[in-house]
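Here is a short set of exercises to work through with the model open beside you. Try each task before reading its solution.

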Amino acid sequence: MDKYLNYWGLVFVIVILIPNIVFAATCEDGFENHFQNKFVELFEQIGRFGCFFSMFILLPFMCKGYWFDHGETVYLILGALLVALYCFGWTIFWKENSIRKSLYLSVIPSALFVESGIISGNIMLVIFAIIFAPCHIRISYMNAVYKGDH
């Protein structure tokens with residue numbers, strides 16, 4: 001791993017963005033937001049982009065490194081597993097509009113960011129993930145509820 005770049009983190013971010021981009025390009029009503037809470041939306045976006053960048057851009061004073069033996073191996077295995085589960089979820093739930101889809105597709109990336117930050121000792125990623133996760137899950141859930149998806 002380069003001193004300032006985490007290439008695996010970049011790969012994880014790119015892979016989880018692919019189904020979102022394909023979905024947005026192929027579904028005309030795609031990511032319509034029915035939940036209007038500017039505070040939660042703002043913090044979700046701050047958390048989201050903070051997580052994306054913190055996954056692969058490393059600030060040395062904010063990264064303590066893996067805090068146990070074989071930490072990088074655990075990071076890679078869990079990260080790859082969560083990314084695979086996320087992509088699998090997109091294939092399973094592609095046409096479905098439901099609360100379970102919304103929760104699944106919001107909890108998995110939240111878990112990816114939290115576990116990546118904790119295992120790699122990336123303090124900035126942990127902070128952004130803690131901001132992102134509850135906001136993203138809430139917005140996803142409330143949008144499913146407002147649309148009447150069950």
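**Exercise 1. Which residues of H5 are buried?**

Before starting, note that this is a predicted model, in which local features need pLDDT of at least 70 and side-chain atom pairs count only at pLDDT 80 or more, while totals for chains, interfaces and linings use all residues. Residues are numbered from 1 along each chain as its sequence is written, and side-chain values use heavy atoms, with hydrogens and water left out.

Step 1. Find the helix: H5 covers residues 123-146. Helices here are DSSP runs of H or I with at least four residues, numbered from the N terminus.

Step 2. Apply the cut-offs: buried means under 20% relative accessible area, exposed means over 50%, and partly exposed is in between (1.4 Å probe, protein chains only).

Step 3. Read off the buried residues of H5: Leu125, Ala129, Phe132, Ala133, Cys135, His136, Ile139, Ser140, Met142, Asn143 and Ala144.

**Exercise 2. Compare the spans of H5 and H4 with their expected values, then locate the bend in H5.**

Step 1. The expected span is 1.5 Å times one less than the number of residues in the helix.

Step 2. H5 has 24 residues and reaches 35 Å from its first C-alpha to its last, close to the expected 34 Å.

Step 3. For H4 (residues 99-120), the 22 residues should span 32 Å, and the 31 Å between its end C-alpha atoms agrees with this.

Step 4. H5 bends by about 25° at Phe132, and Pro134 follows within four residues. The bend is the angle between axes fitted to the seven residues ending at a residue and the seven starting there.

**Exercise 3. How many salt bridges does a search of the whole structure find?**

Step 1. Look for a side-chain nitrogen of Lys or Arg within 4 Å of a carboxyl oxygen of Asp or Glu, which defines a salt bridge. The search finds three.

Step 2. Lys38 pairs with Glu41, with the closest N and O atoms 3.9 Å apart. Both residues lie in helix H2, three residues apart, or about one turn of the helix. Lys38 is exposed because its relative accessible area is 59%, whereas Glu41 is buried at 16%.

Step 3. Glu44 pairs with Arg48, and here the closest N and O atoms are 2.3 Å apart. These two are four residues apart in H2, so about one helical turn separates them. Glu44 has 5% relative accessibility and therefore counts as buried.

Step 4. Glu96 and Arg100 form a salt bridge with closest N and O atoms 2.8 Å apart. Glu96 is partly exposed at 22%, and Arg100 is exposed at 54%.

**Exercise 4. Which backbone nitrogens lie 3.1 Å and 3.0 Å from a polar atom of the side chain of Asn6?**

Step 1. Place Asn6 in the segment before helix H1 (7-26). Asn6 is buried, because its relative accessible area is 5%.

Step 2. The backbone nitrogen at 3.1 Å belongs to Trp8, and the one at 3.0 Å belongs to Gly9.

**Exercise 5. Where does His70 lie, and what is notable about its phi?**

Step 1. His70 is in the loop between H2 and helix H3 (71-93), and is exposed with a relative accessible area of 64%.

Step 2. His70 has a positive phi of about 65° although it is not a glycine. Most residues other than glycine have a negative phi.

Step 3. Now look just after H4, where Gly121 takes a positive phi of about 70°.

**Exercise 6. Which residues form a nonpolar patch on the surface?**

Step 1. Select residues with over 30% relative accessible area and no salt bridge, then join nonpolar side chains (Val, Leu, Ile, Met, Phe, Trp, Tyr) within 5 Å; for patches of charge, like charges are joined within 9 Å.

Step 2. The patch consists of Tyr4, Leu5, Tyr7, Phe49, Phe53, Ile57, Leu59 and Phe61, with about 780 Å² of accessible area together. Areas come from the Shrake-Rupley method with a 1.4 Å probe, and for residues only the protein chains shown count as cover.

Step 3. Check one member: Phe49 is found in helix H2 (residues 38-56), and at 41% relative accessibility Phe49 counts as partly exposed.

Notes: A polar contact is a pair of N or O atoms within 3.5 Å; within protein, one must be able to donate a hydrogen and the other to accept it, and residues adjacent in sequence count only if both atoms are side-chain atoms.
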